[in-house]
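User: I should like a close look at a single part of this protein, set in the context of the whole. Please treat the matter in one connected answer.

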Amino acid sequence: MAVKIIVASGKGGAGKSTFSSGLSLALVEKGHSCLVIDCDIGQGCIEYMLSEPDSSLYNWGDAIEERCERDECVYKTKLCDFITAPAKISEKYTEENFREFVSHFDDSYEYIIFDSPAGTGGGFCLAAGCADKGIIISTPDEICAMAASRAADKLIDKGIEDTKLVINRFNRAPVTSGKLLNVDEMIDAVRIQLIGVIPEDKAVTYACTGGFIDMKDCPAKAAYSRIAERILGNKVNLVLNNSKKEKPSNFGTGAKILSVIAALIILFAGIFTADFILCSRLKTPVFARFTEIDETGEAHYSAGLYNCTVYKDNGNICYTSVSIGKTKVASWGVVISD
Ligand SMILES: Nc1ncnc2c1ncn2[C@@H]1O[C@H](COP(=O)(O)OP(=O)(O)O)[C@@H](O)[C@H]1O
Ligand SMILES: [Mg+2]
(Lines give C-alpha, C1' and ligand atoms only; values in the text may rest on other atoms or scores of the structure.)
(Ligands and ions follow the chains in the order given, each with its own letter.)
Protein backbone atom coordinates (compact mmCIF):
# COMPACT_ATOMS: atom_id res chain seq x y z
CA MET A 1 0.00 0.00 0.00
CA ALA A 2 1.42 3.39 -1.06
CA VAL A 3 2.48 5.97 1.55
CA LYS A 4 0.50 9.10 0.64
CA ILE A 5 1.97 12.51 1.36
CA ILE A 6 0.22 15.83 0.90
CA VAL A 7 2.50 18.81 0.16
CA ALA A 8 0.75 22.01 1.26
CA SER A 9 1.63 25.53 2.30
CA GLY A 10 -1.29 27.86 2.84
CA LYS A 11 0.32 30.59 0.74
CA GLY A 12 0.95 30.38 -3.01
CA GLY A 13 4.50 30.49 -4.34
CA ALA A 14 6.04 28.86 -1.25
CA GLY A 15 7.48 26.05 -3.41
CA LYS A 16 4.96 23.18 -3.16
CA SER A 17 5.18 22.13 -6.81
CA THR A 18 8.97 22.43 -7.01
CA PHE A 19 9.28 20.48 -3.76
CA SER A 20 6.81 17.78 -4.93
CA SER A 21 8.91 17.39 -8.10
CA GLY A 22 12.27 17.42 -6.29
CA LEU A 23 11.13 15.01 -3.57
CA SER A 24 9.57 12.50 -5.94
CA LEU A 25 12.66 12.44 -8.16
CA ALA A 26 14.85 11.96 -5.08
CA LEU A 27 12.68 9.02 -3.96
CA VAL A 28 12.82 7.48 -7.44
CA GLU A 29 16.61 7.91 -7.58
CA LYS A 30 16.81 6.00 -4.30
CA GLY A 31 14.92 3.13 -5.94
CA HIS A 32 11.35 3.82 -4.78
CA SER A 33 8.41 4.05 -7.14
CA CYS A 34 6.56 7.33 -6.90
CA LEU A 35 3.49 8.97 -8.44
CA VAL A 36 2.89 12.73 -8.20
CA ILE A 37 -0.74 13.86 -8.42
CA ASP A 38 -1.29 17.54 -9.13
CA CYS A 39 -4.29 18.73 -7.08
CA ASP A 40 -4.11 22.38 -8.10
CA ILE A 41 -7.37 22.47 -10.10
CA GLY A 42 -7.17 25.22 -12.75
CA GLN A 43 -3.57 26.18 -11.89
CA GLY A 44 -1.75 22.86 -12.23
CA CYS A 45 1.85 22.98 -13.40
CA ILE A 46 3.47 19.66 -12.54
CA GLU A 47 3.71 18.73 -16.24
CA TYR A 48 5.85 21.84 -16.81
CA MET A 49 8.32 20.79 -14.13
CA LEU A 50 8.52 17.07 -14.86
CA SER A 51 8.24 17.05 -18.66
CA GLU A 52 7.18 19.16 -21.60
CA PRO A 53 3.66 20.64 -21.28
CA ASP A 54 1.23 18.58 -23.35
CA SER A 55 -2.42 19.69 -23.43
CA SER A 56 -3.46 16.34 -24.92
CA LEU A 57 -2.75 14.61 -21.59
CA TYR A 58 -5.73 13.20 -19.77
CA ASN A 59 -6.02 14.44 -16.20
CA TRP A 60 -7.49 12.81 -13.09
CA GLY A 61 -10.75 14.71 -13.69
CA ASP A 62 -11.09 12.85 -16.99
CA ALA A 63 -10.70 9.55 -15.16
CA ILE A 64 -13.22 10.45 -12.43
CA GLU A 65 -15.69 11.62 -15.10
CA GLU A 66 -15.00 8.43 -17.07
CA ARG A 67 -13.58 10.03 -20.19
CA CYS A 68 -10.54 7.77 -19.84
CA GLU A 69 -9.32 4.77 -17.91
CA ARG A 70 -7.47 5.52 -14.65
CA ASP A 71 -4.17 4.23 -15.97
CA GLU A 72 -4.56 6.32 -19.12
CA CYS A 73 -4.19 9.59 -17.22
CA VAL A 74 -0.80 8.58 -15.77
CA TYR A 75 2.04 10.27 -17.63
CA LYS A 76 5.26 8.29 -17.44
CA THR A 77 8.53 10.19 -17.83
CA LYS A 78 11.98 8.62 -17.85
CA LEU A 79 12.15 8.91 -14.05
CA CYS A 80 8.88 9.81 -12.42
CA ASP A 81 5.16 9.26 -13.10
CA PHE A 82 2.61 12.01 -12.64
CA ILE A 83 -1.06 12.88 -13.17
CA THR A 84 -2.08 16.40 -14.13
CA ALA A 85 -4.90 18.42 -12.56
CA PRO A 86 -8.17 19.21 -14.34
CA ALA A 87 -8.64 22.75 -15.65
CA LYS A 88 -12.04 23.27 -14.01
CA ILE A 89 -13.75 22.25 -10.81
CA SER A 90 -16.63 19.76 -11.06
CA GLU A 91 -19.23 18.59 -8.56
CA LYS A 92 -17.96 15.06 -9.21
CA TYR A 93 -14.63 15.89 -7.54
CA THR A 94 -15.75 14.85 -4.10
CA GLU A 95 -13.36 13.54 -1.43
CA GLU A 96 -14.97 10.14 -1.78
CA ASN A 97 -14.60 9.94 -5.59
CA PHE A 98 -11.03 11.22 -5.41
CA ARG A 99 -10.08 8.74 -2.67
CA GLU A 100 -11.55 5.94 -4.72
CA PHE A 101 -9.59 7.12 -7.80
CA VAL A 102 -6.32 7.28 -5.84
CA SER A 103 -6.86 3.86 -4.27
CA HIS A 104 -6.50 2.39 -7.78
CA PHE A 105 -2.75 3.19 -7.59
CA ASP A 106 -2.21 1.93 -4.06
CA ASP A 107 -0.47 -1.26 -5.09
CA SER A 108 1.42 0.18 -8.07
CA TYR A 109 3.53 2.75 -6.19
CA GLU A 110 5.41 2.98 -2.90
CA TYR A 111 4.80 6.73 -2.59
CA ILE A 112 2.01 8.99 -3.85
CA ILE A 113 2.75 12.72 -3.50
CA PHE A 114 -0.13 15.20 -3.72
CA ASP A 115 0.95 18.63 -4.90
CA SER A 116 -1.83 20.67 -3.30
CA PRO A 117 -2.91 24.21 -4.25
CA ALA A 118 -2.51 27.32 -2.09
CA GLY A 119 -5.08 27.70 0.67
CA THR A 120 -7.05 25.02 2.46
CA GLY A 121 -10.05 24.60 0.14
CA GLY A 122 -10.89 22.42 -2.91
CA GLY A 123 -7.81 20.47 -4.06
CA PHE A 124 -6.20 20.71 -0.60
CA CYS A 125 -9.21 18.94 0.96
CA LEU A 126 -9.23 16.25 -1.77
CA ALA A 127 -5.54 15.52 -1.13
CA ALA A 128 -5.90 15.72 2.66
CA GLY A 129 -8.79 13.25 2.42
CA CYS A 130 -6.35 10.61 1.08
CA ALA A 131 -3.02 11.45 2.76
CA ASP A 132 -1.33 9.65 5.69
CA LYS A 133 1.44 12.25 6.09
CA GLY A 134 1.72 15.99 5.51
CA ILE A 135 4.58 18.24 4.50
CA ILE A 136 4.09 21.97 4.97
CA ILE A 137 6.33 24.21 2.89
CA SER A 138 7.15 27.73 4.00
CA THR A 139 9.63 30.36 2.99
CA PRO A 140 11.35 31.94 6.03
CA ASP A 141 9.10 34.99 6.36
CA GLU A 142 6.30 35.76 8.80
CA ILE A 143 3.45 35.92 6.28
CA CYS A 144 4.25 32.55 4.73
CA ALA A 145 4.88 31.03 8.18
CA MET A 146 1.48 32.29 9.42
CA ALA A 147 -0.31 30.72 6.42
CA ALA A 148 1.76 27.54 6.87
CA SER A 149 0.72 27.33 10.51
CA ARG A 150 -2.97 27.54 9.53
CA ALA A 151 -2.50 24.83 6.87
CA ALA A 152 -0.69 22.61 9.40
CA ASP A 153 -3.55 23.05 11.90
CA LYS A 154 -6.02 22.09 9.20
CA LEU A 155 -4.08 18.90 8.34
CA ILE A 156 -3.82 17.93 12.00
CA ASP A 157 -7.60 18.61 12.39
CA LYS A 158 -8.14 16.22 9.49
CA GLY A 159 -6.25 13.55 11.40
CA ILE A 160 -2.87 13.87 9.64
CA GLU A 161 -0.81 14.05 12.83
CA ASP A 162 2.43 13.21 11.01
CA THR A 163 2.81 16.67 9.49
CA LYS A 164 6.31 18.15 9.17
CA LEU A 165 7.81 21.47 8.11
CA VAL A 166 10.13 22.20 5.19
CA ILE A 167 11.73 25.65 5.10
CA ASN A 168 12.22 26.57 1.45
CA ARG A 169 14.39 29.23 -0.19
CA PHE A 170 16.64 29.53 2.86
CA ASN A 171 19.33 32.13 2.37
CA ARG A 172 21.92 32.70 5.07
CA ALA A 173 22.56 36.44 4.60
CA PRO A 174 19.03 37.85 5.19
CA VAL A 175 18.48 35.36 8.01
CA THR A 176 21.73 36.33 9.72
CA SER A 177 20.90 40.03 9.45
CA GLY A 178 17.47 39.41 10.96
CA LYS A 179 15.53 40.31 7.79
CA LEU A 180 14.08 36.79 7.56
CA LEU A 181 13.21 34.26 10.24
CA ASN A 182 15.84 31.78 11.38
CA VAL A 183 15.18 28.06 11.73
CA ASP A 184 14.12 28.25 15.41
CA GLU A 185 11.81 31.18 14.76
CA MET A 186 10.22 29.27 11.85
CA ILE A 187 9.59 26.21 14.01
CA ASP A 188 8.08 28.45 16.72
CA ALA A 189 5.87 30.21 14.15
CA VAL A 190 4.57 27.10 12.35
CA ARG A 191 4.60 24.91 15.49
CA ILE A 192 5.40 21.58 13.82
CA GLN A 193 8.56 19.49 13.63
CA LEU A 194 11.16 20.37 10.99
CA ILE A 195 12.03 17.78 8.34
CA GLY A 196 14.37 19.82 6.18
CA VAL A 197 15.68 23.10 4.85
CA ILE A 198 16.06 23.78 1.12
CA PRO A 199 18.39 26.59 0.14
CA GLU A 200 17.55 29.34 -2.30
CA ASP A 201 19.01 27.88 -5.49
CA LYS A 202 18.90 29.25 -9.03
CA ALA A 203 18.97 25.65 -10.31
CA VAL A 204 15.38 25.27 -9.01
CA THR A 205 14.24 28.37 -10.85
CA TYR A 206 15.75 27.11 -14.11
CA ALA A 207 14.35 23.59 -13.57
CA CYS A 208 10.80 24.93 -13.45
CA THR A 209 10.33 24.42 -17.19
CA GLY A 210 10.85 20.72 -17.70
CA GLY A 211 14.28 20.65 -16.13
CA PHE A 212 13.70 18.75 -12.89
CA ILE A 213 14.32 15.41 -14.58
CA ASP A 214 17.78 16.55 -15.73
CA MET A 215 18.67 18.62 -12.67
CA LYS A 216 22.43 18.48 -12.07
CA ASP A 217 23.92 18.15 -8.59
CA CYS A 218 23.18 21.39 -6.73
CA PRO A 219 22.45 22.43 -3.11
CA ALA A 220 18.66 22.17 -3.58
CA LYS A 221 18.91 18.68 -5.10
CA ALA A 222 21.05 17.58 -2.15
CA ALA A 223 18.40 19.02 0.21
CA TYR A 224 15.56 17.12 -1.55
CA SER A 225 17.67 13.98 -1.22
CA ARG A 226 18.23 14.50 2.53
CA ILE A 227 14.49 15.02 3.07
CA ALA A 228 13.74 11.86 1.06
CA GLU A 229 16.17 9.97 3.35
CA ARG A 230 14.36 11.26 6.45
CA ILE A 231 11.00 10.21 4.95
CA LEU A 232 12.52 6.77 4.42
CA GLY A 233 13.32 6.74 8.14
CA ASN A 234 17.07 7.43 7.95
CA LYS A 235 18.93 9.91 10.14
CA VAL A 236 20.61 12.66 8.15
CA ASN A 237 22.27 15.79 9.51
CA LEU A 238 20.60 19.15 9.00
CA VAL A 239 22.57 21.25 6.51
CA LEU A 240 21.93 24.96 6.03
CA ASN A 241 23.01 26.44 2.71
CA ASN A 242 25.33 23.49 2.28
CA SER A 243 27.98 25.07 4.47
CA LYS A 244 28.59 26.56 7.88
CA LYS A 245 26.29 26.64 10.89
CA GLU A 246 23.69 29.34 11.19
CA LYS A 247 24.77 32.45 13.07
CA PRO A 248 22.48 34.28 15.52
CA SER A 249 19.99 36.36 13.53
CA ASN A 250 20.53 39.58 15.48
CA PHE A 251 23.07 41.48 17.55
CA GLY A 252 22.02 41.26 21.18
CA THR A 253 20.92 44.47 22.93
CA GLY A 254 24.23 44.58 24.86
CA ALA A 255 26.24 44.49 21.61
CA LYS A 256 24.08 47.28 20.17
CA ILE A 257 24.64 49.52 23.25
CA LEU A 258 28.40 48.87 23.14
CA SER A 259 28.60 49.76 19.44
CA VAL A 260 26.72 53.06 20.05
CA ILE A 261 29.11 53.91 22.94
CA ALA A 262 32.13 53.09 20.73
CA ALA A 263 30.77 55.32 17.94
CA LEU A 264 30.26 58.21 20.42
CA ILE A 265 33.82 57.82 21.80
CA ILE A 266 35.26 57.95 18.26
CA LEU A 267 33.12 61.02 17.47
CA PHE A 268 34.15 62.97 20.60
CA ALA A 269 37.81 61.96 20.24
CA GLY A 270 37.63 63.33 16.68
CA ILE A 271 36.00 66.58 17.80
CA PHE A 272 38.53 67.28 20.55
CA THR A 273 41.63 66.42 18.56
CA ALA A 274 40.62 68.02 15.24
CA ASP A 275 41.61 71.57 14.37
CA PHE A 276 38.18 71.98 12.76
CA ILE A 277 35.22 69.91 11.72
CA LEU A 278 34.02 70.32 8.22
CA CYS A 279 30.38 69.40 7.63
CA SER A 280 30.33 69.70 3.93
CA ARG A 281 28.43 68.23 1.03
CA LEU A 282 30.40 65.14 1.86
CA LYS A 283 27.42 64.50 4.17
CA THR A 284 29.62 63.39 7.02
CA PRO A 285 31.72 65.32 9.54
CA VAL A 286 35.36 65.44 8.50
CA PHE A 287 37.88 65.95 11.32
CA ALA A 288 40.60 67.99 9.69
CA ARG A 289 44.06 68.80 11.03
CA PHE A 290 45.99 71.97 10.34
CA THR A 291 48.96 71.61 7.98
CA GLU A 292 50.10 75.13 6.96
CA ILE A 293 49.22 78.75 6.16
CA ASP A 294 50.54 79.58 2.71
CA GLU A 295 52.00 82.88 1.51
CA THR A 296 48.53 84.21 0.52
CA GLY A 297 47.25 83.63 4.05
CA GLU A 298 45.04 80.65 3.23
CA ALA A 299 44.97 77.87 5.79
CA HIS A 300 45.48 74.32 4.61
CA TYR A 301 44.17 71.28 6.44
CA SER A 302 44.18 67.61 5.73
CA ALA A 303 41.78 64.87 6.76
CA GLY A 304 42.82 61.49 5.49
CA LEU A 305 42.26 61.53 1.76
CA TYR A 306 40.79 65.03 1.82
CA ASN A 307 42.78 68.23 1.46
CA CYS A 308 40.94 71.32 2.61
CA THR A 309 41.69 74.97 1.96
CA VAL A 310 39.95 77.47 4.23
CA TYR A 311 39.20 80.96 2.91
CA LYS A 312 38.39 83.48 5.62
CA ASP A 313 35.75 86.10 4.85
CA ASN A 314 35.55 89.16 7.17
CA GLY A 315 37.20 87.04 9.78
CA ASN A 316 33.82 85.42 10.68
CA ILE A 317 32.58 83.14 7.97
CA CYS A 318 34.82 80.51 6.53
CA TYR A 319 34.50 78.93 3.11
CA THR A 320 36.29 75.83 2.21
CA SER A 321 37.38 73.97 -0.83
CA VAL A 322 37.79 70.24 -0.38
CA SER A 323 39.63 68.02 -2.80
CA ILE A 324 40.96 64.52 -3.10
CA GLY A 325 44.31 64.90 -4.84
CA LYS A 326 43.56 67.50 -7.50
CA THR A 327 39.84 66.69 -7.80
CA LYS A 328 37.53 69.11 -6.03
CA VAL A 329 34.80 67.13 -4.25
CA ALA A 330 33.07 69.98 -2.40
CA SER A 331 33.38 73.68 -2.77
CA TRP A 332 31.99 74.95 0.49
CA GLY A 333 31.41 73.89 4.00
CA VAL A 334 30.55 75.18 7.41
CA VAL A 335 33.34 75.44 9.88
CA ILE A 336 31.89 74.87 13.30
CA SER A 337 35.06 75.14 15.33
CA ASP A 338 38.43 76.63 14.63
N1 LIG B 1 14.61 26.51 -3.39
C2 LIG B 1 14.30 27.40 -4.34
N3 LIG B 1 15.27 28.21 -4.85
C4 LIG B 1 14.95 29.13 -5.80
N5 LIG B 1 13.73 29.31 -6.31
C6 LIG B 1 12.72 28.54 -5.84
C7 LIG B 1 12.95 27.55 -4.85
N8 LIG B 1 11.77 26.94 -4.59
C9 LIG B 1 10.86 27.53 -5.38
N10 LIG B 1 11.42 28.48 -6.13
C11 LIG B 1 10.75 29.36 -7.10
O12 LIG B 1 9.51 29.75 -6.59
C13 LIG B 1 8.53 29.71 -7.61
C14 LIG B 1 7.25 29.18 -7.00
O15 LIG B 1 7.45 27.81 -6.70
P16 LIG B 1 6.26 26.77 -6.84
O17 LIG B 1 6.82 25.44 -6.49
O18 LIG B 1 5.56 26.91 -8.14
O19 LIG B 1 5.31 27.30 -5.66
P20 LIG B 1 3.84 26.80 -5.26
O21 LIG B 1 3.60 25.50 -5.92
O22 LIG B 1 3.90 26.72 -3.76
O23 LIG B 1 2.90 27.88 -5.70
C24 LIG B 1 9.07 28.81 -8.70
O25 LIG B 1 8.88 29.39 -9.95
C26 LIG B 1 10.54 28.68 -8.41
O27 LIG B 1 11.27 29.42 -9.37
MG1 LIG C 1 2.07 24.83 -7.23
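What share of the contacts in the protein with a separation of 6 or more is accounted for by residues 24 or more positions apart? Please then turn to helix H10 and describe its length, its buried residues and its packing partners.

Analyst: The model is a predicted one. Residues 24 or more positions apart make up 69% of the contacts with a separation of 6 or more. The secondary structure consists of 11 helices and 15 strands, and 40% of the 338 residues count as buried.

Helix H10 covers residues 219-231. Its 13 residues should span 18 Å at 1.5 Å a residue, and the end C-alpha atoms lie 19 Å apart, which agrees with that expectation. The buried residues of H10 are Ala 220, Lys 221, Ala 223, Tyr 224, Arg 226, Ile 227, Ala 228 and Ile 231. In an α-helix there are 3.6 residues a turn, so residues three or four places apart point the same way. The buried residues of H10 pack against two helices, H1 (16-29) and H9 (202-207), and against two strands, E7 (163-170) and E8 (194-199). After H10 comes Gly 233, with a positive phi near 95°.

Some of these packing partners also appear around ligand 1. Of the 17 residues around this ligand, those that come nearest are Gly 15, Lys 16, Ser 17, Thr 18 and Val 204. H1, E7 and H9 are the elements that each give two or more residues to the shell, and H1 gives the most, with three. By class, the shell holds eight polar, five nonpolar and four charged residues.

Definitions and conventions. Residues are numbered from 1 along each chain as its sequence is written. Chains are lettered from A and ligands numbered from 1 in the order in which they are written. This is a predicted model: local features need pLDDT of at least 70, side-chain atom pairs count only at pLDDT 80 or more; totals for chains, interfaces and linings use all residues. Helices (H or I, at least four residues) and strands (E, at least two) are DSSP runs, numbered from the N terminus. The expected span of a helix is 1.5 Å times one less than its number of residues. A residue is buried if 20 or more other C-beta atoms lie within 10 Å of its own, exposed if 12 or fewer, and partly exposed in between; C-beta atoms are placed from the backbone. Two residues are in contact if their C-beta atoms, placed from the backbone, lie within 7 Å. A residue is near a molecule or strand if its C-beta atom, placed from the backbone, lies within 6 Å of it. Ala, Val, Leu, Ile, Met, Phe, Trp, Tyr, Cys and Pro count as nonpolar, Asp, Glu, Lys and Arg as charged, and the others, Gly among them, as polar.
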